[in-house]
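This report looks at how side chains pack against one another in a protein model. The sequence and structure come first, and the description follows.

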Amino acid sequence: MGSIAPWLLALALGNTIRAEQEDVDVAAVRQKYAQSCSGGATSEACKQMRWQLEYALYEGMVASMRAGQQPPPSAIKAGLAAEVPELRALALKLQPEEAVKSGAAVAALDSPYATVRQEAVEVLRSRGDEKQRRMLDRQPSTKWPEFPVADTPPDPARLKVKVYPGATYRYLYSGPEQAYFSTADAPDKVVAFYAQGGKKAYSASELQQAMKARAMGAMDQSKMMKIIQEAQAKGQDPTQAIMAWQKSLAGLGTDPTRAFEGRQGIVSPRYIPADDLFSRVVVVFRDDLVGSTAVVVPLPPAGADSATAMPTGDEMMQTVARQQYMGQPIIDSPPPEQ
Amino acid sequence: MPHRRPLSLSAPGMLVLFLALLTATSASAAQKKKQSGPPRCDRCSDLTRLQKELAEQQWLRHHFEQYLDWRLPPGPKGGDDERSTIQRMQDFAQAEFNAWLHSAPGGGSSSGQAEAATQLDTCQLMLPVRDANGQNKKNKDGTLVMRVVKPAEIRAQYCPALADMILTHEGQHQTDCRANKKQDKPMDMTNYRNFAAYDTRGYSAGIASLKKSIAALAKKCGWKGTTGKTKQPIPQVPTDQRKDIEEDIIPTPQELDALAGTLTGGKK
């Protein structure tokens, strides 16, 4: 390298991170897996080996299909029960009838991987019965990633309400804007759980009135003066204290009843605020499309809870510049050498 | 998928094995000589690998995109953590990426690290310096030890589709870096959100290049279900149309059956 390419200690501007593909000795892994992971062993080592074998089966199935060979039924069966999402989605695509008949398509609706769920949705839309097709209408319109990544239920800090005991998080009906849980318990029992401690379960009109009253509270000059005086007494910045108070009053910002009232299959929704500031509202109803009791928590945009103060002028300028920058054209081939 | 078959080790068998090894060694040496230069990824069987690469790059873009509006980089690990906010963000991205690679969608294997970069002051293309184990060397503050390179060095190291992807990714950084220098008020690149924006654009460019390569190879192989969300089943290509580009071993139904049997515990 010498003088042409000197060794440097430099601050890099953007790296290309990529994975080094490791060759897996499938025969050796198979043997080890068969020896040490029989009977459903769930150790981390067994899981890793299982994923490696499932991925190898996926690659093998794709290769054999391109060669004009239909994968054997045993491969489809293993695929329908696979943990590796690429394999499971491929098996659903290849044998939709078998997937519906065996219940694998309905089971795949609860996969944490959107790529698997969407394949199951396609299968059930074209080959499922009426009840199964109706279940699909509850999905929110969300743009899911094209690559397989496991969705996770929102953490307690984002959810801000307790999960109803025994309720199941439903990936298919959840998304960035709502967490959807289902339970076999009756709606009244669920409402009683969330109304513990004297909380009120509102109808839609009652909730709207309560939220309006809370918004009026924001106009209360005497309350504002009290907050300023308290902040000054504690040696804090009064402007920040007022901003924090106004932010807390903002709550969800929109009427949470809109997504539920008059919607198909939603029976008698009731709304239980998680706190006096309406930062979260739990919505409980009988869901005739899904066939169970629904517990839904509408969510604000990610990061809305952690934003502590209003952005400064400089931050606003940076945001605008960044947005303009992100709108600039992108290249799709290497530029000529300069 | 490698295929290994047990060999008989009787006396005549040993001779056969010796001759086979001898032939294989010279054949392998000849092949090595013939295949000097960058690795290949232009066979139909490479499509699956390129698609995995695409999913990985999409995962990385998605990760950096989250810092544009809501995600915060992790805090320092104790008082002696000298890494910058940006370095902590990059290290976290790499750790999360590796966790994803070792989970089910990553196939439970492989690991990731920086392959190339663009220098902030000069907008030059750089490669990380690696230790004997192939791991990137780091400075005390967590930044990578880098050296300036020419694109030809990357082209010699990677197959054409991946070299194009890396050079397009870094090419976007170089284009953005030069454009930023011409601004009256350049973007503050010590701001992690601005840095994430640069990274996101780099990944978008690399992904666009890789999608083009995949689409071209898929067309050559007569395979439509590659880059788009097409509902087409994977077509079966007659062998006579694939001979010139397909060299890999295709697993037999029996081999797939055996592999599936291992996964299902032999239940059919």
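In this predicted model, Arg201(B) lies over the face of Tyr325(A), at 4.5 Å from the ring centre. A second charge is placed in a like way: Lys52(B) sits over the face of Tyr55(A), at 5.3 Å from the ring centre.

Rings also pair with rings. Over all chains, the count comes to 15 aromatic pairs. Two of them are set out below.

| Pair | Centre to centre | Angle between planes | Type |
|---|---|---|---|
| Phe260(A) and Phe285(A) | 5.8 Å | 50° | tilted |
| Trp59(B) and Trp100(B) | 5.9 Å | 25° | stacked |

What do these pairs hold together? Phe260(A) is in the loop between α13 (238-250) and β5 of chain A, and Phe285(A) is in strand β6 of chain A, so this pair ties together parts 25 residues apart in sequence. Both Phe260(A) and Phe285(A) are buried. In chain B, Trp59(B) belongs to helix α2 (residues 47-69) and Trp100(B) to helix α3 (residues 85-101), so their pair ties together parts that are 41 residues apart in sequence. Trp59(B) and Trp100(B) are buried too. These two tryptophans also belong to one aromatic cluster, together with Phe147(A) and Phe97(B).

The next topic is the nonpolar cores. The largest nonpolar core has 62 residues, and the members that touch the most others are Leu57(A), Met61(A), Leu92(A), Leu109(A), Tyr271(A) and Phe285(A). Helix α2 (residues 44-66) of chain A gives the most to this core, with eleven residues. Beyond its neighbours within four places in sequence, Leu92(A) is in contact with several residues, including Leu80(A), Ala99(A), Ala108(A), Val116(A) and Val123(A). A second, separate core consists of 25 residues, among them Ala19(A), Val149(A), Tyr325(A) and Tyr203(B). Tyr325(A) is the ring that has Arg201(B) over its face.

Last comes a single helix. Which residues of helix α10 (residues 187-194) of chain A are buried? They are Pro187(A), Val190(A), Val191(A), Phe193(A) and Tyr194(A). Seen down the axis of α10(A), these buried residues fall within an arc of 155°, so they line one face of the helix. An α-helix has 3.6 residues a turn, so residues three or four places apart point the same way. The cover over the buried residues of α10(A) includes four strands of chain A: β4 (178-183), β5 (266-273), β6 (281-287) and β7 (292-298).

Technical notes. Residues numbered from 1 in each chain as written. Chains lettered and ligands numbered in written order. Predicted model: local features only at pLDDT ≥ 70, side-chain atom pairs only at ≥ 80, totals over all residues. Heavy atoms only, no water. Buried < 20%, exposed > 50% of the residue type's maximum accessible area, 1.4 Å probe, protein only. Helix = DSSP H or I, 4+ residues; strand = E, 2+ residues; numbered from the N terminus. Arc of directions from axis to C-beta. Contact = heavy atoms within 4.5 Å. Core = buried A, V, L, I, M, F, W, Y, C linked by side-chain atoms within 4.5 Å. Phe/Tyr/Trp six-rings, centres within 6.5 Å; stacked < 30°, edge-to-face > 60°. Lys NZ or Arg CZ within 6 Å of the ring centre and 35° of its normal.
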